[in-house]
Amino acid sequence: MTNKEIAVFTLDALKKAGADHAQCVVTTGLSEEIDAENSEFTKMISLFDAGVAMKAIKDGKKGTMFINSLNEEDIIKAAEECVAAANASVVDDAVRIAELTENKSFEKGVLSPDKEKFFFRIKEYVDEIKKTYPQIVLEQLIADYSCAETVFMNTNGVEFNYKNGYYSLTPMFSAHDGEKTTSFNYFEIAFTSLEDSIIELAGQRDIFDQTVKLLDAEAFTGKFEGQAIIVPSCLADFISMAVGNFVSDGTIIDGTSPWRNMLGQKVASDCLTLSVNPLDECMVAGERITDDGYISENYDIIKNGVLESFCLSDYAARKTGESRAKNSSSCYVVAPGEQSLDEIIKSTEKGILVCRFSGGSPAINGDFSGVAKNSFLIENGRISKPITETMISGNIAAMLKNISGISKEVICDGHTKLPWIRFDGITVSGKVE
Amino acid sequence: MLNDLLKKHISGIPEHAELRAQINTNRGVSIVSGNLVSNVRSQSSGVCARVYKNGVWGFAAKGEYTDEAISDVLTAARNNADFLNTHAGRGKPPLVPVQPPFNPLKRDYVDVPQSAYIDFCRELDDYITNKYKNLASRTVIARADSMEKLLYTSEGGYSHAIMPRAYIYVVLSAETPDGDTVELFEPIGGGEGYFDELYKSPEDCHKEIDKLYEELMQKREGIFPNAGLRDVVLDATLAGMLAHEAVGHTVEADLVMAGSVASKTLGREVASDKITMIDFAHTALGKPVPLPVYVDDEGTPCEDAVLIKDGILVGYMHNRESAMYYDVKPTGNARAHKFSDEPLIRMRNTAILPGKDKLSDMIASIDNGYYLTRTQNGQADTTGEFMFGITMGYEIKNGKLGRALRDTTISGVAFEMLKTVDMVSDDMVWSSSGYCGKKQLMPVSMGGPAIKCKVNIGGR
């Protein structure tokens, strides 16, 4: 059966099981992965993927079920379980499925991989790192091609199709020189073209150069309040923490978000515009259909410092009387500033360049603390030395109001497009006796 | 039927090969401030094959249990091994054979209806709502998962095992006098087994919810610690996290081979002589561990991996390949989370062993420090540098517990910090409700006694 035929079969099974309203997402796909450990190729993986996610509403009650089988008997059994879960649930007026607007099909990216060329580029990547950065050890390298065909259908007649494929690379690495070892670092980049060397994408050479410099890092001692310049790959973590704490379903529904009543009000420095843009050309795996069954659109969370939108699901939006987010992705984009990164560093009197953050979930009010990994001290307008055992702490809501520089350079890794941002008022502490 | 198919396809394979059929289930219910926001059931199942050839592996997986699917994944895995061997061969010798295990299924899978989770959570939510009026929010979560694996190896190994878990989590938050919000989170009961075996009545959870509320009220009035290197007592739940995050990952042999701090310290003193740490397979101190593993996913019978003995680093956790590299016996730490995952070196039940001290004496021995009792998360580096988020604790003044603490963080370097341990309590607490993340998720348990040491604590 085609994915559409399976989707039709699934909706029928859900209705026969007793659902008043139903929705399903049928996905089939292929993943081809090549891994290296310690810069040697060690395994190759093929995954033939499939799945049916279903949602049933019965008498105003919702149940959900996922199976990875496309077998008709399994789907019928899963549909019965889904409706049984709905029957066991509680009536909730906010539970709905998407209304029919416009049905559409999308196709994007690489739908047929070039296996030989991909391997050539990966081997070239590993060889280039060995040659140019001999101290770098690729502890683990995951190179993956994945493609998926998704059909979304519901009993209101909504039907979307999306085919998408792309390559990705996730290196985890550290530098070693005799007894000296750095912390590990990692990132993920996603891309669709194999025309150029992979190492030239997304500013990777800067990251490897920095990692080698970290071999001379020393434990930081002392404590000061200063500025923190956060690099793009680490900025994504801070944005995720802000989104999770301040504008997502959980804290908006239970009312604990400090931004619950701040729509239309200033929550950040004027220079900050934070958007979620899966349709941006550089987002190679950008969402086209939301989790709830609407066509994805770009939107701003914060525009010129003003809170424009929460990031709510359709359910949370109905529950709270707010608007649903126009997409359900995390393709974060921060609008670039007017200063170069070099200018921002030169105007930093005392601070820290934070290249990776190892910290727990922030407190509900946004208080956070954690270890600034792979980071550098900035003194008198220049990067003075690499440091270890350094904690940074602050409050994420306060940080967003204390932005004193956004770089004009941005990095797009295929999932996000972010600049370097300097925040004031960050507490930096090392070993304090 | 499935057994016959797997046996048929694995026989006659010239290289080392594994065929594994596996089903994972997940059940979840979340009630946030009275709203049932999540009511989820999922199941993934399928078959995978892994083939070894001259130091490289081919792996393939498909979400079906048919004769054709088994044939397809075995062919794809062999082709992948051939491709990699041809393009980037390593020329390594065959794996050293292990005694093929015979490990039949010890218990059957039981599917608990969704209504059991929902009704239980709703009763707990009603209890909290009726009893405690000054909360800012409340969340009650039920989670259950299971992994059932059927493994055949080309050496004649056979294992059929199931690992079910179920837990209740409660999250409470309250507004502080200065207008902030504080939160506490607690897994209540649970462990290996099925939900209806582990949770007989919501009333059994009331005592722990009451304690959580009481601590939340203390935290409302809490203070921020005085930052710096301080004398602390880490409660037993934190010692387990320390064992897993700060030390455990650095002694996984694949990370050792990548140059972790433990690669240079085998045979050396890395901790106080009061510290002994073991990754247990299935039995610890004469009792079953929380998540026993008898045969790993390469077909190796599992043994304990002794990591630190009386303060000396004595060993690593191994799969067959790393054991061959270090010329030691494999410990059976190769584990895969789903049918579509290849086995990686993972922890099982990692613990610091109890000592001889009493917790009350440990607290009494500190003039100015902290007793840290709850953590929600931890991260560590291959250098041994670690951080844990601390969500509950108390100051210690002149040997007595004082005011509660607000959220903070502790950090340090494991092999430096463990050398400062001078007291270890004579009891031990296991926790098994979380997942470890290392490319794949994996249910693991961790345990330990309370320990007294010096650690960096963050302030505000």
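**Definitions set against values**

Student: M1(B) lies in the segment before α1 (2-10) of chain B. Why is M1(B) called exposed?

Tutor: Buried means under 20% relative accessible area, exposed over 50%, and partly exposed in between, with a 1.4 Å probe and protein chains only. M1(B) has 75% relative accessibility, so M1(B) counts as exposed. The name α1 rests on DSSP runs: helices are H or I of at least four residues, strands are E of at least two, and both are numbered from the N terminus.

Student: What stands behind these values and numbers?

Tutor: The model is predicted: local features need pLDDT of at least 70, side-chain atom pairs count only at pLDDT 80 or more, and totals for chains, interfaces and linings use all residues. Residues are numbered from 1 along each chain as its sequence is written, chains are lettered from A and ligands numbered from 1 in the order in which they are written, and side-chain values use heavy atoms, leaving out hydrogens and water.

Student: How far apart are M1(B) and Y65(B) in sequence and in space?

Tutor: They are 64 residues apart in sequence, and their C-alpha atoms are 10.0 Å apart.

Student: How do you know that C282(A) and C412(A) form a disulfide?

Tutor: A disulfide is a pair of cysteine sulfur atoms within 2.5 Å. The S to S distance of C282(A) and C412(A) is 2.1 Å, and by that rule the pair is a disulfide. The count over all chains is one. C282(A) sits in the loop between β12 (274-276) and β13 (299-303) of chain A, while C412(A) belongs to strand β22 (residues 403-412) of chain A, 130 residues apart. The link is right-handed, with 90° about the S-S bond.

Student: Why are C282(A) and C412(A) called partly exposed?

Tutor: C282(A) has a relative accessible area of 22% and C412(A) stands at 25%. Each value falls in the range between buried and exposed, so the term applies.

Student: Why is C205(B) not bonded to C121(B)?

Tutor: C121(B) holds the cysteine sulfur closest to that of C205(B), but at 9.3 Å it is too far for a bond. C205(B) is also buried, at 3% relative accessibility. C302(B) is in no disulfide either: the nearest cysteine sulfur, in C436(B), is 16 Å away. C302(B) is buried as well, with a relative accessible area of 7%.

Student: How do you know that the length of helix α2 (residues 72-88) of chain A agrees with expectation?

Tutor: The expected span of a helix is 1.5 Å times one less than its number of residues. For the 17 residues of α2(A) that gives 24 Å, and the end C-alpha atoms are 24 Å apart, so the two agree.

Student: What makes N71(A) a cap of α2(A)?

Tutor: A polar contact is a pair of N or O atoms within 3.5 Å; within protein, one must be able to donate a hydrogen and the other to accept it, and residues adjacent in sequence count only if both atoms are side-chain atoms. At the N-terminal end of α2(A), a side-chain oxygen of N71(A) lies 2.8 Å from the backbone nitrogen of E73(A).

Student: What do the buried residues of α2(A) pack against?

Tutor: These residues include I75(A), C82(A) and V83(A). Where contact means heavy atoms within 4.5 Å, they pack against α1 (3-16), β2 (40-58) and β3 (61-67) of chain A, together with β1 (16-32), β2 (35-53) and α3 (114-131) of chain B.

Student: How do you know that β1 (residues 21-37) of chain A pairs with β2(A)?

Tutor: Two strands pair if DSSP finds at least two bridges between them. β1(A) and β2(A) have 17 bridges and run antiparallel; one bridge is that of C24(A) with M54(A). β1(A) is also joined to strand β5 (residues 136-154) of chain A, antiparallel, by 15 bridges.

Student: What makes β13 (312-313) and β22 (429-431) of chain B edge strands?

Tutor: The open sheet of six strands has the order β13-β12-β9-β16-β25-β22 (chain B), with mixed pairing. β13(B) and β22(B) each pair on one side only. Inside the sheet, β9 (residues 277-280) and β16 (residues 349-352) of chain B pair antiparallel over four bridges.

Student: What is notable about phi in L285(B) and K439(B)?

Tutor: Neither is a glycine, yet phi is positive: about 50° in L285(B) and about 70° in K439(B). L285(B) is exposed at 54%, and K439(B) is partly exposed at 35%.
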